[in-house]
Amino acid sequence: MQNPNGEPSDQELYSRMREGDRGAFKKLFRAYYDELCDYVESQIGSAEAAEDLVQNVLLNLWRRREDRTLRTTLKAYLYGAARNESIKYRKHRKVRDQWQEESTHDHVTKRTNASSPVEDVEHRQLRRAMKESVEALPERRREVYVLSRQHGLTYKEIASVMDISPKTVDNQMVEALKFLRKRLRQFSSTPSA
């Protein structure tokens, strides 16, 4: 089965990969590498270590391709494996999750000519407040929020990744959004030009 854009689906690529098709594996690797790195980095706080962990996850997918039968979507499986690697890393290294301030380079490249210095400051303040608010969520709630809003997993996929029920995922998201709305209320009351 192909996607609407004519590309093979994840399931088709996974089936071909299980038969030894290196090209299918390369496509899956490229499709998931960056987003898995972003997810793992958000869990362990280190981009360099995240790349190593994600490479291990994807290489294990290839090495164990003949033995592994997926009981969920490939995306949910990969996020689950990446989550497990992150947990192991944190336990072994005792790495604490840390959110980094937006670097000067990122700020310069994101800034548009249409924005005023005041808008830039407000934007930075909102981003900082959002990061701090997400960081303030309890661990499970934060992970549900990050998987859903930053990585696009469905509630069913998140439930599979975290080994919890979809109803628990839904409850965690409701509470996370309620908390974030309350913490960020000051930014929604800012008058617009």
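Visitor: What do buried, exposed and partly exposed stand for here?

Guide: A residue is called buried when its relative accessible area is under 20% and exposed when that area is over 50%, while partly exposed covers the values in between. The model shown above is a predicted one.

Visitor: Why does Glu41 count as partly exposed?

Guide: Glu41, which is found in helix α2, has a relative accessibility of 32%. Because partly exposed lies between the limit of under 20% for buried and that of over 50% for exposed, Glu41 at 32% counts as partly exposed.

Visitor: What makes Glu41 part of a negative surface patch, and which residues form that patch?

Guide: The patch is formed by Glu41 together with Asp34, Asp38, Glu48, Glu51 and Asp52. Asp and Glu count as negative, and a patch takes residues with over 30% relative accessible area and no salt bridge; Glu41, at 32%, therefore passes the limit of over 30%. Helices α2 (22-44) and α3 (47-63) each supply at least two residues of this negative patch.

Visitor: Which residues of α3 are buried?

Guide: In α3 the buried residues are Ala49, Ala50, Leu53, Val54, Val57, Leu58, Leu61 and Trp62. In an α-helix there are 3.6 residues a turn, so residues three or four places apart point the same way.

Visitor: Why is Arg30 called exposed?

Guide: Arg30, also found in helix α2, has a relative accessibility of 60%, and because exposed means over 50%, Arg30 counts as exposed. Arg30 gathers with Arg22, Lys26 and Lys27 in a patch of positive charge on the surface.

Visitor: Why is Arg18 called partly exposed?

Guide: Arg18, in helix α1 (residues 10-18), has a relative accessible area of 29%, and since this value is neither under 20% nor over 50%, Arg18 is partly exposed. The C-alpha atom of Arg18 is separated by 9.5 Å from that of Thr69, although the two residues are 51 residues apart along the chain.

Visitor: How do you know that the span of helix α7 agrees with what is expected?

Guide: Helix α7 (residues 139-150) has 12 residues, which at 1.5 Å a residue should span 16 Å, and because its end C-alpha atoms are 16 Å apart, the two values agree. The buried residues of α7 include Val144, Tyr145, Val146 and Leu147, and also the charged residues Arg142 and Glu143. Following α7 comes Gly152, with a positive phi near 70°.

Visitor: How many helices and strands does the protein have?

Guide: The protein has 10 helices and zero strands, and buried residues make up 36% of its 193 residues.

Methods: Residues numbered from 1 in each chain as written. Predicted model: local features only at pLDDT ≥ 70, side-chain atom pairs only at ≥ 80, totals over all residues. Heavy atoms only, no water. Patch = residues over 30% accessible without salt bridge, like charges linked within 9 Å, V, L, I, M, F, W, Y side chains within 5 Å. Areas by Shrake-Rupley, 256 points an atom, 1.4 Å probe, with all protein chains shown as cover. Salt bridge = Lys/Arg side-chain N within 4 Å of Asp/Glu carboxyl O. Charge placed at Lys NZ, Arg CZ, Asp CG, Glu CD. Helix = DSSP H or I, 4+ residues; strand = E, 2+ residues; numbered from the N terminus. Buried < 20%, exposed > 50% of the residue type's maximum accessible area, 1.4 Å probe, protein only. Expected span 1.5 Å × (residues − 1).
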